[in-house]
Amino acid sequence: KVLVIGANGQLGSVLIGALQQKFGIDNVVGSDLKRKEGFEGIFEIADATDQPRIQELVTKYKITQIYHLAAILSARGEENPLLTWDINMKTLFTVLEVSRLNNIDRVFFPSSIAVFGTGAPLDNTPNNAYLDPATVYGMSKAAGENWVQYYFFKYGLDVRSLRYPGVIGYQSLPGGGTTDYAVDIYHKAVLGKEFTCFLKEDTTLPMIFMQDTIRATLELMDAPKEQVKIRTSYNLAGISFSPAEIVAEIRKLYPDFKVNYKPDFRQEIAASWPKTIDDNAAARDWGWKPEYNLEGITTTMIQKLKEKYKTDSKNLK
Ligand code: VAH
């Protein structure tokens with residue numbers, strides 16, 4: 001049985017559907033700070049900083065795998081650095097300790113390309129580049145990666161991890177990240193609204209489509225143990241682009257789409273991150289290959305969001 005912590009989030013809310021499909025709806029337990037309307041399946045309200053509560057769930061459902069997807073992201077994290085560190089690290093320690101004490105088979109810990117800072121080459125950043133993250137979020141992920149490797153070496157706990165780029169999906173909304181613009185922009189285009197971008201138009205960042213993200217996660221978790229050679233975290237690449245490039249792609253379908261640029265503090269965060277990512281280790285060890293390019297992402301996002309807003313407006317009537 002699988003426990004998903006952070007089941008309401010951008011990633012968790014989509015990954016949980018994929019896990020339910022794979023393992024059966026009765027074998028997946030979602031948990032988060034509150035219950036989200038419309039959630040289908042087993043759900044438990046839980047705060048992952050509360051170790052006894054997570055232990056209770058592991059015992060109650062005889063959990064064998066944990067996906068730990070709860071975290072405060074890069075931009076929101078900067079509003080309260082110490083609280084962000086505290087929450088991101090405490091929740092990870094809860095998961096690691098409960099997993100060790102209960103001999104959990106497999107654990108997933110998402111890291112991020114935010115672990116890199118300007119001390120790394122920001123073009124085609126290698127897996128083992130120097131880590132000097134500029135945000136508390138990035139610091140918590142860099143420290144977290146080392147903690148998961150420590151639990152693997154010291155206790156044999158099979159924790160696996162990916163450094164996600166910015167995730168783009170039509171199913172859910174991100175919250176508090178620096179890459180969030182690349183989701184929001186599609187909603188604005190489909191709704192016929194003007195978009196104000198908080199990054200400069202030439203700020204290239206690594207991104208990945210939700211479908212690729214979910215597939216990468218499941219492929220890594222399915223890989224035979226000895227193939228998972230990197231025990232900190234694997235670089236993962238989808239496609240890199242700038243706001244100007246995504247706008248050009250959207251304008252192929254919405255020629256009148258209006259965009260203006262008002263860079264804020266998130267521009268500085270983005271400038272400290274890689275532009276492109278070298279994910280050869282993931283390709284070599286467990287066969288990773290992304291499918292979606294910017295055109296594929298754009299046509300799928302627009303088509304799905306059009307359907308979504310159509311049904312939404314029907315529901316309102
Ligand atoms: C953020 N989406 O913007 C996250 C992420 C690479 C970016 O980890 O904070």
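Helix axes here are lines fitted to C-alpha atoms over the stretch in contact, with angles taken between N-to-C directions. I kept that in mind while going through this predicted model.

**α2 and α4.** I started with helix α2 (residues 51-61) against helix α4 (residues 81-101): their axes lie 10 Å apart and the packing angle is about 45°. Since 35 to 65 degrees falls in the oblique range, α2 is therefore oblique to α4. I noted the crossing as right-handed. On the α2 side I found Gln51, Ile54, Gln55 and Val58 making the contact, and on the α4 side Thr94, Glu97 and Val98. Sorted by class, that contact holds three nonpolar, three polar and one charged residues.

**α1 and α7.** Next I looked up helix α1 (residues 12-23) and helix α7 (residues 210-222), whose axes come within 10 Å and cross at roughly 50°. The pair is therefore oblique too, and α1 and α7 also cross in a right-handed sense. Val14, Leu15, Ala18 and Lys22 of α1 meet Met210, Ile214, Thr217 and Leu218 of α7. I tallied this contact as six nonpolar, one polar and one charged residues.

**Ligand shell.** Which residues come nearest to the ligand? Out of 13 around it, I have Leu73, Ser74, Ser112, Gly177 and Thr178 as the nearest. The shell splits into seven nonpolar and six polar residues, with no charged ones.

**Domain record.** I checked UniProt last: an unreviewed entry puts "domain: NAD-dependent epimerase/dehydratase" at residues 2-236. In the model, the end C-alpha atoms of residues 2-236 are 23 Å apart, and I logged the span as 39% helix and 18% strand.

Methods: Residues are numbered from 1 along each chain as its sequence is written. This is a predicted model: local features need pLDDT of at least 70, side-chain atom pairs count only at pLDDT 80 or more; totals for chains, interfaces and linings use all residues. A residue is near a molecule or strand if its C-beta atom, placed from the backbone, lies within 6 Å of it. Ala, Val, Leu, Ile, Met, Phe, Trp, Tyr, Cys and Pro count as nonpolar, Asp, Glu, Lys and Arg as charged, and the others, Gly among them, as polar. Axes are lines fitted to C-alpha atoms, for helices over the stretch in contact, and angles run from 0 to 180 degrees between N-to-C directions. Helices (H or I, at least four residues) and strands (E, at least two) are DSSP runs, numbered from the N terminus. Angles under 35 degrees count as roughly parallel, over 145 as roughly antiparallel, 65 to 115 as roughly perpendicular and the rest as oblique. A crossing is left-handed if the near helix is turned anticlockwise from the far one by less than a right angle, and right-handed if clockwise. Two residues are in contact if their C-beta atoms, placed from the backbone, lie within 7 Å. UniProt positions are given in the numbering used here, feature names are shortened, and annotations may be inferred rather than shown by experiment.
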